[in-house]
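Biologist: Could you take me on a close look at one part of this protein? I am new to structures, so please go step by step and show me how that part fits with what surrounds it.

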Amino acid sequence: MLTVGGTSISLIALLQIVIALILVIIIGKIFKKIFKENILNKLNIDSANRETFANIISYFFGAILFILLLQYFGVNLSTLAVIGGGLGLGIGFGLQDITKNFISGLTLLFERPIKPGDFIEIENVKGYVTEISTRSTVVETQDGSEIFIPNSFFINHRFTNWSYNSFTARIIIPIAVAYQSDLVLVTELLLQSAYQESRVVAHPSPEVLLVGFGDSSLNLELRVWINPIDQEPEIRSNLNFIIEYLFRQYNITIPFPQRDVWLKNYPDVLENKNINISQEKNNQNHHHKSKKSIKDMLWEVDYFQDFNEIEIRKLIESGYRKNLEKEQILFKENEIGDTFYIILSGKVEVFVEKINKHLNYLKAGSFFGELSLMLGMPRTATVKAVEPTILFCINQANFRKLLMKNPELYDLIVNKLSERKNELVERQNELRRMGLIDKEEDDNNPLIWVRNRLKKLIT
């Protein structure tokens, strides 16, 4: 018999309390597993929420079960209160970390800064949260190992949850090029690299920044948004491989620190050097003639001929190159349209496949796809390459920005659409039947209606 605070407690009562705790832990784990897999799973609740709900319910169930077991064993609850009071000092010091981690675990479950399935980074270690228990959180690293992190760490320290809202995040690829490099071409190649990697998302668009002037290089950054972020090492490596390949194709030099050595009285050496430089320039000129850049092809489009290099570079940043083989279908009628196309070289045919009707041939300098973007309707025709064709593609968000910055292009598009008046009338009537035309923008003249639609798109 023990006496605590004037209250006598039998050893049998203590033993019963210990047995009750053990039973609660065992039954609680079994209940949590059954509740999560057989009940929450059938309710189509995602895995992260299943884990959270299962933990909270199991804690509540365990507390009720513990009280019921004590009553079943005949243990006076006031005795438990005395024991708790007597052990309070010990818990405060000896079990301080356990208590802190337990409370932190409850905080994590309710506030949910992390949840099972999240991809997190802690002190340069990245991994997936697999479980949040009463004392610690289990994180499976990308190396396949599992680390156990005290719950209090997430409350008291800084960490990164890469997938808090989604698995989409931005990465930065640093690039250095020689001072004599054509920065417009470099921008084009870097953006082309981004669009060749399927895990780089289109929104937000990739961008290239000139961040500084180094001792031996121009320093740039390619900033792209990727999904999923947990594949960042593979995506970064793939982008680097693509960039290196394209730079090699267009003779873009990645410099290294160097010193200039001046030679005196060595005419033969200088003569040989000049010969080598001349040969190198000839090789470069020949190489560039065989591989046209988007910059050169955009300058051949009538509308962009007066653009300077800065304006052309901004235009290039808004889109990407797409190559079509002969007879390759770009899109079919009734598909959702979200891209504006400019033909840089080659030729495409526009036709209605359903009734086998030819509509038009479009050559270099022509553009198409704007009608679906403006009207928010599926494609009205099918487009197929008649010969190898290079397109410059601009997505909906960047098309809007392009119109806002270049009002002349806005007028050009309206003028071109005037040549398709019958199609405009048909599409206008179709939208009216569907109730998708605002009264403020509607007009009996389809060209005025389209102009109002364009204004709505860019405001």
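**A close look at K384**

Modeller: Let's start with burial: K384 has a relative accessibility of 18%, and because buried means under 20%, K384 counts as buried. Please keep in mind that this is a predicted model.

Where does K384 sit? Its place is in strand 17, which covers residues 382–385. Leaving aside residues up to four places away in sequence, K384 touches E327, Q328, I329, K347, V348, E349 and F351.

Now let's widen the view to the sheet. Strand 17 belongs to an open sheet of four strands, in the order 12-17-14-15, with antiparallel pairing. At the edges are strand 12 (329–331) and strand 15 (357–363), each of which pairs on one side only. Ignoring direction, neighbouring strands in this sheet are turned by 30° against each other on average. As general background, strands of a sheet pair through backbone hydrogen bonds, either parallel or antiparallel. Here, strand 17 and strand 14 (residues 347–352) pair in the antiparallel sense over four bridges. You can look for V348, which stands opposite A385 of strand 17. V348 is also one of the residues that K384 touches.

Next come the nonpolar cores. In soluble globular proteins, nonpolar side chains tend to be buried together. The largest nonpolar core in this model has 64 residues, and F247, L298, I342, L344 and I413 touch the most other members. Helix 6 (residues 183–196) gives the largest share of this core, seven residues. The core also draws at least three residues from each of domain 3 (169–250) and domain 4 (294–458). A second, separate core has 14 residues, including L324, I343, V383 and A385. A385, then, is both the partner opposite V348 and a member of this second core.

Back in the largest core, I342 is a good residue to click on. Not counting residues up to four places away in sequence, I342 touches V301, F304, S366, F367, I390, L391, F392 and I394.

Let's finish with helix 6, the helix we met in the largest core. Helix 6 packs with helix 10 (residues 309–317) at an angle of about 0°, and their axes are 10 Å apart. Angles under 35 degrees count as roughly parallel, so helix 6 is roughly parallel to helix 10. On the helix 6 side, the contact is made by L183, V184, T187, E188 and L191. Helix 10 contributes E309, I312, R313, I316 and E317 to that contact.

Methods: Residues numbered from 1 in each chain as written. Predicted model: local features only at pLDDT ≥ 70, side-chain atom pairs only at ≥ 80, totals over all residues. Heavy atoms only, no water. Helix = DSSP H or I, 4+ residues; strand = E, 2+ residues; numbered from the N terminus. Buried < 20%, exposed > 50% of the residue type's maximum accessible area, 1.4 Å probe, protein only. Contact = heavy atoms within 4.5 Å. Core = buried A, V, L, I, M, F, W, Y, C linked by side-chain atoms within 4.5 Å. Domains from an automatic or database assignment. Pairing = 2+ DSSP bridges. Axes fitted to C-alpha atoms, helices over the stretch in contact; angles between N-to-C directions. Parallel < 35°, antiparallel > 145°, perpendicular 65-115°, else oblique.
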